[in-house]
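Subject: A structure to look through

Dear colleague,

I am handing over the structure below, and I would be grateful if you kept it open beside this message while you read. What I found in it follows directly after.

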Amino acid sequence: MTQARLKRLLALTDFSAPARHAAERAAMVAKETGAALDLLHVMNSGLFERLQQLGSGLSTGVEERLLDTSREALQHLAETLMRHRDVTPGIHVAKGTLLRTLLEQADQMRPDLLVLGAHGASYMRHLLLGSTAERMLRMAVQPVLVVKQQPHEGYRKVLVPVDFSACSLRALRLAQAVAPGAEFVVFHAFEVPFESTLQYAGIKESEITRLRAAAQLEADTRLREFVRDSGLARESTTALALHGNATRHIVEQEQESDCDLIVIGKHGELLLEDLLLGSVTKHVLVEAQGDVLVVI
């Protein structure tokens, strides 16, 4: 399987601490992979219009001074990354609505990866389950790395949940590109079709157990073939197939395997998952402790 290669990263910042963590992580990935890095700050046009409404006598040139202040802050961040991470980011300041402007800038710059910071558990829960984030993930054509932790080193262990779809293949390729020196846990959760209603249909427990064993064997076989075809090194890869709910297992496995990054596809095999933007993906974004990379 041909491994992906990162050429350009785009990190969005509002100068908050979580956004600085995201910029630091983006710089570390850029340094490790040789990719170029751009920093983008979007000045919210809606907030500026609100400011004008509150101060009808606001002096002229305020907007330009605000933009200049943002450019100075962005330049300071870039200089910090140059000193601490040995990368030289490009800086970009734009004005507009956050989602539309981010997508427009990404369309112009064509990065291989967008990098965003989380804003704490309660805000993150609201943001990632809200309509704005759903639109962003639905409209973005680049993978999105959501940074939740302050970075201290390169990614050490990466969890890649797979369903054997084309999106899973892209996720694994990108995981190798983002974390080339990491260990990998390739994980698949499986269930027997209609398992929850088999007992109500009068199927004996012994037969249900036999079906689970058959499903386990099939999952193990498919996962071994998937990992073999991926080209991952055996000594740094663990393949794990578990019976049960995917969301619960992914979050538990992140902790049990001490993973600092989860790489997951936005879409699964089912059309319904596409329509819901991937319920598993949304819950992992909220519940995971470490960073999450969502692959388009």
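Phe164 lies in the loop between S6 and H7, and in this predicted model the residue is buried, with a relative accessible area of 16%, where anything under 20% counts as buried. The phi angle of Phe164 is near 70°, a positive value in a residue other than glycine.

Phe164 also belongs to an aromatic pair, and the structure holds 1 such pair. How are the rings of Phe164 and Phe226 placed, stacked or edge-to-face? Their centres are 5.8 Å apart and their planes stand at 70°, so the pair is edge-to-face, given that planes over 60 degrees apart are counted that way. The pair links distant parts of the chain, since Phe226 sits in helix H9 (residues 205–230) and is 62 residues away from Phe164. Phe226 is buried, as Phe164 is.

A positive phi is found at Asp86 too, where the angle is near 60° and the residue is again not a glycine. Asp86 lies in the loop between helix H3 (62–85) and S3, and with a relative accessible area of 54% this residue is exposed, whereas Phe164 is buried.

For the overall picture, the secondary structure of the protein comes to 12 helices and 10 strands. Of its 296 residues, 46% count as buried. Among contacts between residues at least 6 apart in sequence, 79% join residues at least 24 apart.

The strands form an open sheet of 10 strands with mixed pairing, and if you follow them across the sheet you will meet them in the order S3-S2-S1-S4-S5-S10-S9-S6-S7-S8. Why do strand S3 (90–96) and strand S8 (237–243) each have one side without a neighbour in the sheet? They stand at the edges and have a single partner strand each, so one side of each is left open in this sense. From one strand to the next, the twist averages 20°.

Within that sheet, strand S4 (residues 113–117) and strand S5 (residues 144–147) pair in the parallel sense over 4 bridges, and Gly117 has Val147 in S5 as its bridge partner. S5 then pairs with S10 in the antiparallel sense over 3 bridges, with Val294 in S10 as the bridge partner of Val144. On to S9, the pairing is parallel again, as 5 bridges join S9 to S10, and Ile264 stands opposite Val294 in S10.

S10 itself is mostly covered, with 5 of its 5 residues buried. Both of its faces are covered, because Asp291, Leu293 and Val295 on one side and Val292 and Val294 on the other are all buried, each falling under 20% relative accessible area. Helix H7 (residues 166–178) lies across several strands, including S10 (291–295), to which the helix runs at about 130°.

Three further places are worth finding on your screen. Pro111 lies in the loop between helix H4 (98–109) and S4 and counts as buried at 5% relative accessibility. Leaving aside residues up to four places away in sequence, Pro111 touches Arg8, Leu9, Leu10, Ala106 and Gln142. Pro111 and Leu37 are 74 residues apart in sequence, yet their C-alpha atoms are 8.8 Å apart in space. His249, found in helix H10 (residues 246–256), is buried with a relative accessible area of 9%, and with the same sequence neighbours left out, His249 touches Phe187, Leu242, His243 and Gly244. Lastly, Arg25 lies over the face of Tyr155, at 3.8 Å from the ring centre.

A word on confidence remains. The protein averages a pLDDT of 84, and 84% of the residues score at least 70. Where is the confidence highest, and where is it lowest? Strand S6 (residues 157–161) has the highest mean, at 96, whereas helix H11 (residues 271–275) has the lowest, at 39. Over residues 268–277 the pLDDT is below 50, and this stretch has 16 contacts in the model beyond near neighbours in sequence. The pLDDT also stays under 50 over residues 120–133, for which the model has 15 contacts beyond four places in sequence. Where pLDDT is low, the predicted coordinates should not be read in detail.

With best wishes

Definitions and conventions
Residues are numbered from 1 along each chain as its sequence is written. This is a predicted model: local features need pLDDT of at least 70, side-chain atom pairs count only at pLDDT 80 or more; totals for chains, interfaces and linings use all residues. Side-chain values use heavy atoms; hydrogens and water are left out. pLDDT is the predictor's confidence in each residue, from 0 to 100. Helices (H or I, at least four residues) and strands (E, at least two) are DSSP runs, numbered from the N terminus. Contact means heavy atoms within 4.5 Å. Two strands pair if DSSP finds at least two bridges between them. Axes are lines fitted to C-alpha atoms, for helices over the stretch in contact, and angles run from 0 to 180 degrees between N-to-C directions. Rings of Phe, Tyr and Trp (its six-membered ring) pair if their centres lie within 6.5 Å; planes under 30 degrees apart count as stacked, over 60 as edge-to-face and the rest as tilted. Buried means under 20% relative accessible area, exposed over 50%, partly exposed in between (1.4 Å probe, protein chains only). A charge sits over a ring if NZ of Lys or CZ of Arg is within 6 Å of the ring centre and within 35 degrees of the ring normal.
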